[in-house]
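Me: I'm new to this structure and would like to learn how to read it. Could you take me through it feature by feature?

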Amino acid sequence: MSLVERPAVKRVRATLEALGSGARVIELATTARTAADAAGALGCQQGAIVKSLVFRVAGSPVLALIAGDRRARQERIAVALGLEGPVARADADTVRQATGYSIGGVPPVGHRVSLPTVMDASLWRFPLVHAAAGHPHCVFGETPDSLASMTGAVVTADIAA
């Protein structure tokens, strides 16, 4: 069975379609578990890879969409979302419970619950960015504008360095 037919990837495909995206999920021959891996597999710059990172703000999960060549400034995530409380990286169980996906394949869309989302403005350096699609070997490409619209993200330059 092709990886794009796995249930998690099918959920991403269905979500993209429901959101009106024309993005096509593609299966890579090598892993896209890290931004560097994905960029190498796609032949693009590492910054054009969207890292979908889950954090906990005061115990509740939030999503940060960060360019692959940047690091999340987690102390700024709560502020960007207008939330208060300590910010910490979510553990693997929290990520799976909140999103329905495992670390390494977390997409920016199609989660179990709606997550407050913040997006790194540096992604607009690229006309097309690539994000995980529910499996470490599956990705989809989308414009930053469309991705921001689909996720309802707050866009800011303050969350990545």
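Me: Let's begin with strand E2. Is strand E2 mostly covered or mostly open?

Reply: Mostly covered: E2 spans residues 49–57, and 7 of its 9 residues are buried. Buried means under 20% relative accessible area, exposed means over 50%, and partly exposed is in between, using a 1.4 Å probe and protein chains only. Strands (E, at least two residues) and helices (H or I, at least four) are DSSP runs, numbered from the N terminus. Keep in mind that this is a predicted model, where local features need pLDDT of at least 70 and side-chain atom pairs count only at pLDDT 80 or more, while totals for chains, interfaces and linings use all residues. Residues are numbered from 1 along each chain as its sequence is written, and side-chain values use heavy atoms, with hydrogens and water left out.

Me: Which strands does E2 pair with, E3 among them?

Reply: The general idea is that two strands pair if DSSP finds at least two bridges between them. Here E2 pairs with E3 (residues 60–67) in the antiparallel sense, over 8 bridges. One of the partnerships to look for is Arg56 with Pro61 in E3. E2 also runs antiparallel to E4 (residues 87–89), joined by 3 bridges, and there Val57 has Val87 as its bridge partner. With E6 (residues 129–132), E2 pairs in the parallel sense over 2 bridges; look for Ile49 opposite His130.

Me: What should I look for in the hairpin of E2 and E3?

Reply: There are 2 residues between the strands, and Ala58 takes a positive phi near 50°.

Me: Next, cysteines. How many disulfides does a search of the whole structure find?

Reply: In general, a disulfide is a covalent bond between the sulfur atoms of two cysteines. The cut-off used here is a pair of cysteine sulfur atoms within 2.5 Å. The search of the whole structure finds 0. Cys44 is in no disulfide, and its nearest cysteine sulfur, that of Cys138, is 16 Å away. As for their surroundings, Cys44 is partly exposed at 24% relative accessibility, whereas Cys138 is buried at 0%.

Me: How many salt bridges does the structure hold?

Reply: The idea is that side chains of opposite charge can pair when their charged atoms come close. To count, a side-chain nitrogen of Lys or Arg must be within 4 Å of a carboxyl oxygen of Asp or Glu. The structure holds 4. Take Arg125 and Asp69: their closest N and O atoms are 2.8 Å apart. That pair links distant parts of the chain, with Arg125 in the loop between E5 (117–120) and E6, Asp69 in the loop between E3 and helix H3 (77–81), and their positions 56 residues apart. Arg125 is partly exposed at 38%, and Asp69 is partly exposed at 37%. Asp69, Arg70 and Arg125 are linked in a network of salt bridges.

Me: What about Arg13 and Arg73? Which side chains do they meet?

Reply: Arg13 meets Glu5 in a salt bridge at 3.3 Å, N to O. Arg13 is partly exposed at 32% relative accessibility, and Glu5 is partly exposed at 34%. Arg73 meets Glu75 at 3.9 Å, N to O. In that pair Arg73 is partly exposed at 24%, but Glu75 is exposed at 52%.

Me: Which ring does the charged end of Arg11 sit over?

Reply: A charge sits over a ring if NZ of Lys or CZ of Arg is within 6 Å of the ring centre and within 35 degrees of the ring normal. For Arg11 the ring is that of Tyr101, with the charged end 4.6 Å from its centre.

Me: Now the helices. Which residues of H5 are buried?

Reply: In H5 (residues 144–151), they are Pro144, Leu147, Ala148, Met150 and Thr151. These cover an arc of only 165° around the axis, so they are on the same side of H5. The arc is that of the directions from the helix axis to the C-beta atoms. The face turned away from the buried side carries the exposed Asp145 and Ser149. After H5 comes Gly152, with a positive phi near 65°.

Me: And where do the buried residues of H4 fall?

Reply: The buried residues of H4 (residues 92–99) are Thr94, Val95, Ala98 and Thr99. Down the axis of H4 they fall within an arc of 105°, so they line one face of the helix. Asp93 and Gln97 are exposed on the other side of H4.
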